[in-house]
Amino acid sequence: MSDLVDQVKNVLIQELNIESIEDTAKQEDYPEWDSLTYLRVIVAIESTFGIEITSENINKFNSVESIVNEIQKRHNHR
């Protein structure tokens with residue numbers, strides 16, 4: 001699981017253009033994580049993890065924990 005957390009954190013670090021990010025990070029903790037960056041994060045998550053994010057679940061990708069949980073759900077339903 002920590003491998004997945006690290007992968008998600010790496011995507012966020014890259015997309016937010018920051019040095020590091022905590023496991024407990026949430027969107028509201030980072031001014032860099034605005035609406036435009038949110039869309040780039042979504043695209044990067046889809047590409048990196050091979051999942052499709054839909055309009056029904058797009059609002060669930062706003063913290064490290066929730067992103068990890070959503071990726072795990074998608075991979076468990078394959």
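Me: Where is the place of Glu15?

Reply: This is a predicted model. In it, Glu15 sits in helix H1.

Me: Is Glu15 buried or exposed?

Reply: Read the relative accessible area. Buried means under 20%. Glu15 has 18% relative accessibility, so Glu15 counts as buried.

Me: Which residues is Glu15 in contact with, leaving aside neighbours within four places in sequence?

Reply: There are Thr37, Arg40, Val41 and Ala44. Helix H2 covers 35–49.

Me: Let me try another residue of H1. Where is Leu4, and is Leu4 buried or exposed?

Reply: Leu4 is also placed in helix H1. Its relative accessible area is 14%, so Leu4 is buried.

Me: What is Leu4 in contact with, beyond its neighbours within four places in sequence?

Reply: Leu4 contacts Phe49, Val68, Ile71 and Gln72. Look at a C-alpha pair as well. Leu4 and Asn69 are 65 residues apart along the chain, and their C-alpha atoms are separated by 9.9 Å.

Me: How do I describe two packed helices?

Reply: Use two numbers: the angle between the axes and the distance between the axes. Take H1 (residues 2–16) and H3 (residues 64–76). Their axes come within 10 Å and cross at roughly 120°.

Me: What does that angle make H1 and H3 to each other?

Reply: Angles of 65 to 115 degrees count as roughly perpendicular, and those over 145 as roughly antiparallel. The angle here is roughly 120°. H1 and H3 are therefore oblique to each other. Their crossing is right-handed.

Me: Which residues make the contact of H1 with H3?

Reply: From H1 come Leu4, Val5, Val8, Lys9 and Leu12. From H3 come Val64, Ile67, Val68, Ile71 and Gln72. By class, that contact has 8 nonpolar residues, 1 polar and 1 charged.

Me: At what angle do H2 and H3 pack?

Reply: Apply the same reading. H2 and H3 pack at about 40°, and their axes are 12 Å apart. That makes H2 oblique to H3. H2 passes H3 in a right-handed crossing.

Me: Which residues meet there, in H2 and in H3?

Reply: H2 brings Val41, Ile45 and Phe49. H3 brings Ile67, Ile71 and His75. The classes are 5 nonpolar, 1 polar and no charged residues. Two names return from the contact of H1 with H3: Ile67 and Ile71.

Me: Now charge. When can side chains of opposite charge pair?

Reply: They can pair when their charged atoms come close. A search of the whole structure finds 4 salt bridges.

Me: Which side chain meets Asp23 in a salt bridge?

Reply: Lys9 does, at 2.6 Å from N to O. Asp23 lies in the loop between H1 and helix H2, and Lys9 lies in helix H1. The pair therefore ties together parts that are 14 residues apart in sequence.

Me: Are Asp23 and Lys9 buried or exposed?

Reply: Take each partner separately. Asp23 is partly exposed, with a relative accessible area of 43%. Lys9 counts as buried, at 16% relative accessibility. Lys9 is also one of the H1 residues in the contact with H3.

Me: Which residues are linked in a network of salt bridges?

Reply: Glu70, Lys73 and Arg74 are. Lys73 meets Glu70 at 3.1 Å, N to O. Arg74 meets Glu70 at 2.9 Å, N to O.

Me: How many residues apart are the partners?

Reply: Check the helical spacing. Lys73 and Glu70 are 3 residues apart in helix H3, so about one helical turn separates them. Arg74 and Glu70 are 4 residues apart in helix H3, again about one turn of the helix.

Me: Are Glu70 and Lys73 buried or exposed?

Reply: Glu70 counts as buried, at 5% relative accessibility. Lys73 is partly exposed, with a relative accessible area of 38%.

Me: Last, the backbone. What sign does phi have in most residues other than glycine?

Reply: A negative one, for most of them. Now look at Asn17. Its phi is near 60°, a positive value in a residue other than glycine.

Me: Where is Asn17, and is Asn17 buried or exposed?

Reply: Asn17 is in the loop between H1 and H2. At 70% relative accessibility, Asn17 counts as exposed.

Terms used: Residues are numbered from 1 along each chain as its sequence is written. This is a predicted model: local features need pLDDT of at least 70, side-chain atom pairs count only at pLDDT 80 or more; totals for chains, interfaces and linings use all residues. Side-chain values use heavy atoms; hydrogens and water are left out. Axes are lines fitted to C-alpha atoms, for helices over the stretch in contact, and angles run from 0 to 180 degrees between N-to-C directions. Angles under 35 degrees count as roughly parallel, over 145 as roughly antiparallel, 65 to 115 as roughly perpendicular and the rest as oblique. A crossing is left-handed if the near helix is turned anticlockwise from the far one by less than a right angle, and right-handed if clockwise. Contact means heavy atoms within 4.5 Å. Ala, Val, Leu, Ile, Met, Phe, Trp, Tyr, Cys and Pro count as nonpolar, Asp, Glu, Lys and Arg as charged, and the others, Gly among them, as polar. Buried means under 20% relative accessible area, exposed over 50%, partly exposed in between (1.4 Å probe, protein chains only).
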